[in-house]
Amino acid sequence: MIILRRIMKEFVTQSANRGIYLTVVMNLSHFIGIMRGFLFKVVYFKNIQSTIFAMQSSSKIEIFNKNSTITIGKFVFIRKNASFRLDHGGKLTIGDYVFINDNCVINCAEKISIGKNTKIAPNVCINDHDHNYKNIQDQHLVTGEVTIGRNVWIGANAVILRNTHIGDNSVIGAGSVVKGNIPANCLYVNEREEKIIPYNKPKVAHG
């Protein structure tokens, strides 16, 4: 009964701010997202541990190894076109009340953890591995860990690379490429200089 009263109170508040029609549409979208989350939990019942979470349209989870696992906290909300891919026994942990916006990509081959109340803007890419390009005969991945603390804000188009730790309450500026240790309670902005490098166009032989 307490939960039902809270739901009704929130519905009345939203209706006053948004209008009844748009409130119904929005909450219907949330409900469909929860059903999609439940569907993925059924499909990967051995790999996903979760309570209630929502995945909106075109978002997907792909797991390619029986030892890979995802732990998803309560009331995680994942918007459209997000992609989670796990392989090689990767462990992905997403804390309570995490929000992941449109078009985000998480590729996990070892370990990625995202702390409670963290918010991730659109088009963010998180990888805990690189391809071993230094040895073309060895196609195995070079893996590491990614740890994102609590109450972190990650701006749009950021790229988080392997062996990265982001402390609690920090902000990652839009478009940043992040690798290494980012302390708690700080703003990280990755500024890169624009470089224009001329090159000689190949000559085209004319017959």
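Q: Why is Tyr-97 called partly exposed?
A: In this predicted model, Tyr-97 has a relative accessible area of 34%. Buried means under 20% and exposed means over 50%, so a value of 34% falls in between and Tyr-97 counts as partly exposed.

Q: What makes Phe-75 and Tyr-97 an aromatic pair that is stacked, among the 2 aromatic pairs found in the whole structure?
A: A search of the whole structure finds 2 aromatic pairs. For Phe-75 and Tyr-97, the rings are 5.9 Å apart from centre to centre, with 20° between the planes. Because ring centres must lie within 6.5 Å to pair and planes under 30 degrees apart count as stacked, this pair meets both conditions. Phe-75 lies in the loop between strand 4 (69-72) and strand 5, whereas Tyr-97 lies in the loop between strand 7 (91-94) and strand 8 (99-100), so the pair ties together parts that are 22 residues apart in sequence. Phe-75 is itself partly exposed, with a relative accessible area of 48%.

Q: How do you know that Phe-77 and Phe-99 are stacked?
A: The centres of their rings are 6.0 Å apart, and the angle between their planes is 5°. With the limits at 6.5 Å for pairing and 30 degrees for stacking, Phe-77 and Phe-99 therefore form a stacked pair. Phe-77 lies in strand 5 and Phe-99 in strand 8, so this pair, too, ties together parts that are 22 residues apart in sequence.

Q: Are Phe-77 and Phe-99 each buried or partly exposed, and what makes them so?
A: Phe-77 has a relative accessible area of 17%, and because buried means under 20%, Phe-77 counts as buried. Phe-99 has a relative accessibility of 22%, which lies between the limits of 20% and 50%, so Phe-99 counts as partly exposed.

Q: Why is the sheet of 7 strands called parallel and open, and which strands stand at its edges?
A: The strands follow the order 2-5-8-11-16-19-22 in an open sheet, and their pairing is parallel. Strand 2 (53-55) and strand 22 (187-188) stand at the edges, each with a single partner strand, so one side of each is left without a neighbour in the sheet. Helix 2 (residues 20-43) packs on the sheet and touches strand 2 and strand 5 (76-78), with its direction making about 100° with that of strand 2.

Q: How do you know that strand 16 and strand 19 pair?
A: Two strands pair if at least two bridges are found between them, and 2 bridges join strand 16 (residues 153-154) to strand 19 (residues 171-172), so the condition is met. The two strands run parallel, and Ile-154 has Ile-172 as its bridge partner in strand 19.

Q: What makes strand 9 a partner of strand 6 and also of strand 12?
A: Strand 6 (residues 83-86) is joined to strand 9 (residues 105-108) by 4 bridges, and strand 9 is joined to strand 12 (residues 125-127) by 3 bridges. Because at least two bridges are needed, strand 9 pairs with strand 6 and with strand 12. Phe-84 has Ile-106 as its bridge partner in strand 9, while Val-105 stands opposite Cys-125 in strand 12.

Q: Why is Ser-59 called buried, and which backbone nitrogens does its side chain reach?
A: Ser-59 is found in the loop between strand 2 and strand 3 (60-63). Its relative accessibility is 1%, and since buried means under 20%, Ser-59 counts as buried. The side chain of Ser-59 reaches the backbone nitrogen of Asn-81 at 3.2 Å, and a polar atom of this side chain lies 3.0 Å from the backbone nitrogen of Ala-82. Because the limit for a polar contact is 3.5 Å, the distances to Asn-81 and Ala-82 lie within it.

Q: What makes the pair of Asp-130 and Arg-162 a salt bridge?
A: The closest N and O atoms of Asp-130 and Arg-162 are 2.6 Å apart, and because a salt bridge requires these atoms to be within 4 Å, the pair qualifies. Asp-130 lies in strand 13 (residues 129-131) and Arg-162 in the loop between strand 17 (159-160) and strand 18 (164-166), so the pair ties together parts that are 32 residues apart in sequence. Arg-162, at 17%, is buried, whereas Asp-130, at 30%, is partly exposed.

Conventions
Residues are numbered from 1 along each chain as its sequence is written. This is a predicted model: local features need pLDDT of at least 70, side-chain atom pairs count only at pLDDT 80 or more; totals for chains, interfaces and linings use all residues. Side-chain values use heavy atoms; hydrogens and water are left out. Contact means heavy atoms within 4.5 Å. Axes are lines fitted to C-alpha atoms, for helices over the stretch in contact, and angles run from 0 to 180 degrees between N-to-C directions. Buried means under 20% relative accessible area, exposed over 50%, partly exposed in between (1.4 Å probe, protein chains only). A polar contact is a pair of N or O atoms within 3.5 Å; within protein, one must be able to donate a hydrogen and the other to accept it, and residues adjacent in sequence count only if both atoms are side-chain atoms. Rings of Phe, Tyr and Trp (its six-membered ring) pair if their centres lie within 6.5 Å; planes under 30 degrees apart count as stacked, over 60 as edge-to-face and the rest as tilted. A salt bridge is a side-chain nitrogen of Lys or Arg within 4 Å of a carboxyl oxygen of Asp or Glu.
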